[in-house]
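Colleague: Could you walk me through some charged pairs in this model? I would like to hear the reasoning behind each label.

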Amino acid sequence: MMNGTPQPHPDRYTRHRTFFSDAGWHRLTSTVIVVAGVGGLGSHVLSSVVRLGPVTLLLWDPGVIDEPDLNRQILYTPADIGRQKVDVAAEVLVRINPEVQVSTQALPITAERCDTVCASAQHVVFDCLDSFTARAELDAIRSRRGWTVFHGGVEGLYGQAVTFGPDGAGYAGVFGPEYASMAAAGKPILPMTVAVIAAMQVGEFVHWCNGDGSTPLSRTMFVYDGQSMRSDGIALAAQS
Amino acid sequence: MSTRVTVRTGGPREEESGAAVVAIRSFGKLSDIVPADAWLQIAFPVSVEAVREALVPAFPEIAAVPVRFAVDGTLVGDDFLVTEAREIALFPPFSGG
């Protein structure tokens with residue numbers, strides 16, 4: 001675990017503190033925020049979340065930084081090539097906000113590892129993964145552990161964001177169980193697509209902190225179309 | 001195969017007697033498969049499954065993608081009966097992150 005050296009910085013949250021109720025602020029600062037995948041989406045998500053408050057983060061990613069990552073993975077620089085993503089991310093995050101606590105797992109997230117690593121505290125998870133197989137595993141974890149998942153997915157000029165509560169059919173409920181066997185698209189990923197979708201994921205998290213568990217994107221899927229420069233909200237059927 | 005759903009590409013989008021013009025919108029890799037000038041002629045009511053069955057012969061690569069459909073902004077299942085629509089959107093899941 002990396003902890004910064006907490007220094008009193010009472011003004012660093014003043015521009016957004018009023019957006020949180022007192023209960024919401026407590027939720028923000030007492031929940032373990034899991035980020036599954038510290039690549040494109042994960043980098044953008046963390047860059048925002050770390051600035052929200054003295055949060056507790058748990059990063060999962062087995063990956064090593066390579067040069068193609070640098071087009072969108074904003075936590076990393078050329079000097080970091082070859083290093084574990086979670087290690088570099090932790091260093092950067094603590095520099096940005098010395099009040100945060102960061103734990104890392106340079107491994108794929110699995111249900112069994114979560115049982116060992118994740119304590120009984122409340123958790124939420126940002127789905128910033130890059131494969132359908134990994135998402136299927138995370139969907140199973142969501143159901144098993146009762147987590148809320150802020151999902152993001154991108155492909156070229158397109159992206160989607162939706163929130164899956166601890167109950168309900170989750171990712172498979174929206175896209176069908178056959179999605180898990182699909183090969184990853186291998187399409188280009190553009191930095192602005194990642195930025196848009198990650199912003200929606202973090203926005204959902206802020207709603208979750210302040211709300212009663214029902215967030216805007218738990219009923220509607222946000223879809224970004226960078227080809228025609230449109231965004232749409234696609235209403236979801238009740239997830240049974 | 002349903003004859004109530006006809007896939008068209010290009011040309012003037014004109015309603016035929018008893019069949020409405022419905023726009024198609026595709027996301028992600030589906031936008032590479034379904035051309036931007038594709039549209040549907042639909043004699044309502046039809047199931048979403050019937051729409052899927054009409055699209056696959058026209059664009060066979062769709063069959064390899066777990067496509068979900070939205071009718072006028074609402075995600076629906078294959079058994080949903082469409083009684084009217086202005087736009088049918090096709091969604092694949094996006095894998096990247």
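Modeller: Happily! Let's begin with B:R52, which has a relative accessibility of 19% and therefore counts as buried, because buried means under 20% relative accessible area, exposed over 50% and partly exposed in between (1.4 Å probe, protein chains only). A word on the source: this is a predicted model, where local features need pLDDT of at least 70, side-chain atom pairs count only at pLDDT 80 or more, and totals for chains, interfaces and linings use all residues. Side-chain values use heavy atoms, with hydrogens and water left out; residues are numbered from 1 along each chain as its sequence is written, and chains are lettered from A and ligands numbered from 1 in the order in which they are written.

Colleague: Why is B:D78 called partly exposed?

Modeller: Its relative accessible area is 25%, and partly exposed lies between the buried and exposed limits, so the label fits B:D78.

Colleague: What makes B:D78 and B:R52 a salt bridge?

Modeller: The closest N and O atoms of B:D78 and B:R52 are 2.9 Å apart. A salt bridge is a side-chain nitrogen of Lys or Arg within 4 Å of a carboxyl oxygen of Asp or Glu, so this pair qualifies.

Colleague: And why is A:E155 called buried?

Modeller: A:E155 has a relative accessible area of 2%, so it falls under the limit for buried. A:E155 also forms a salt bridge with B:K29, at 3.5 Å between the closest N and O atoms.

Colleague: How do you know whether B:K29 is buried or exposed?

Modeller: B:K29 has 16% relative accessibility, so B:K29 counts as buried.
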